[in-house]
Amino acid sequence: MWKMDYDAAASHWIARDKDSVHMEEVALKEKIEAFIGGHNTCALATASKESVRNTPIEYNYVDGCFYFFSEGGLKFKGLKENKNVGMAIFEPYGGFGQLKSLQVQGAASMVEPFSEEYLKLMEHKKIPVEAMKKLPQAMNLIKVVPVAYDYLDSDLKKEGFGSRQHLIKK
């Protein structure tokens, strides 16, 4: 009887990465920041004991953190129980030689409405304070502090690097 070897499958890219050429951290950070800046939407994954939710959502990237304004939704069930989140930002699939994506692991927290940080993000989004105060309830603001990035870019091979790069944020 066939039995799936999940551990072997999970370690596939870790093993292959050992032999790939890695970018200097500063150059990799620049590539990652440019990729983030070239997009505004991601898939935000949250999980609770009973469910996983993966929400397409607009992000704002400010001071090295991701911010999401949201009225609500099932993602908050996961955020209540588990502050660890995953994010994916990607280009449409165009074939193996044209892959570009970024996976982010991070720690989520909620920003208090109308706090200094909240107001800073409202200003960044050009949301008038008075308009927000007229809502029946202020929008929720999720903050994600990145912990690790997995960047995939087929074009990196042309520069002599492995197409997969990993960065742990310090």
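Here are some worked exercises on this predicted model.

**Exercise 1: the two sides of α5**

Work out which residues of helix α5 are buried, and how they sit around the helix axis.

Solution.
- Start with the boundaries: α5 covers residues 116-125, and its buried residues are Y118, L121 and M122.
- Now look down the axis. These buried residues fall within an arc of 105°, so they line one face of the helix.
- That fits the geometry: an α-helix has 3.6 residues a turn, so residues three or four places apart point the same way.
- Flip to the face turned away from the buried side, and you find the exposed residues E116 and E123.
- Next, ask what lies over the buried residues. The cover includes the strands β3 (60-62), β4 (65-70), β6 (100-111) and β7 (140-153), along with helix α6 (129-134).
- Finally, step just past the end of α5: K126 has a positive phi of about 60°.

**Exercise 2: a salt bridge inside a helix**

Find where E25 and K29 lie, and say how their side chains meet.

Solution.
- Both E25 and K29 belong to helix α3 (residues 25-37).
- They are four residues apart, about one turn of the helix.
- As a rule, side chains of opposite charge can pair when their charged atoms come close.
- Here the side chains form a salt bridge, at 3.4 Å from N to O.
- Check the exposure too: E25 is partly exposed at 30% relative accessible area, and K29 is also partly exposed, at 41%.

**Exercise 3: bridges across the chain**

Take the salt bridges E159 with K31 and E117 with K143, and work out which parts of the chain each one links.

Solution.
- For E159 and K31, the closest N and O atoms are 3.0 Å apart.
- This pair links distant parts of the chain: E159 is in the loop between β7 and β8 (164-168), K31 is in helix α3, and 128 residues separate them.
- Both ends are partly exposed, E159 at 42% relative accessible area and K31 at 26%.
- Now E117 and K143, whose side chains meet in a salt bridge at 3.0 Å, N to O.
- This one ties helix α5, home of E117, to strand β7, home of K143, across 26 residues of chain.
- The exposure of the two ends is worth a look: E117 is partly exposed at 27%, whereas K143 is buried at 18%, with under 20% as the cut-off for buried.
- To finish, widen the view. The whole structure has nine salt bridges, and a network of salt bridges links K100, D153, D155 and K158.

**Exercise 4: two single residues**

Place I14 and T55 in their elements, and decide whether each is buried or exposed.

Solution.
- I14 sits in helix α2 (residues 12-17).
- Its relative accessibility is 57%, so I14 counts as exposed, the cut-off being over 50%.
- Follow the chain on to H166, 152 residues from I14: the C-alpha atoms of the two are separated by 9.9 Å.
- T55 belongs to strand β2 (residues 52-58).
- With a relative accessible area of 13%, T55 is buried.
- For its surroundings, set aside the neighbours within four places in sequence: T55 is then in contact with C42, A43, L44 and K75.

Key. Residues are numbered from 1 along each chain as its sequence is written. This is a predicted model: local features need pLDDT of at least 70, side-chain atom pairs count only at pLDDT 80 or more; totals for chains, interfaces and linings use all residues. Side-chain values use heavy atoms; hydrogens and water are left out. Buried means under 20% relative accessible area, exposed over 50%, partly exposed in between (1.4 Å probe, protein chains only). Helices (H or I, at least four residues) and strands (E, at least two) are DSSP runs, numbered from the N terminus. The arc is that of the directions from the helix axis to the C-beta atoms. Contact means heavy atoms within 4.5 Å. A salt bridge is a side-chain nitrogen of Lys or Arg within 4 Å of a carboxyl oxygen of Asp or Glu.
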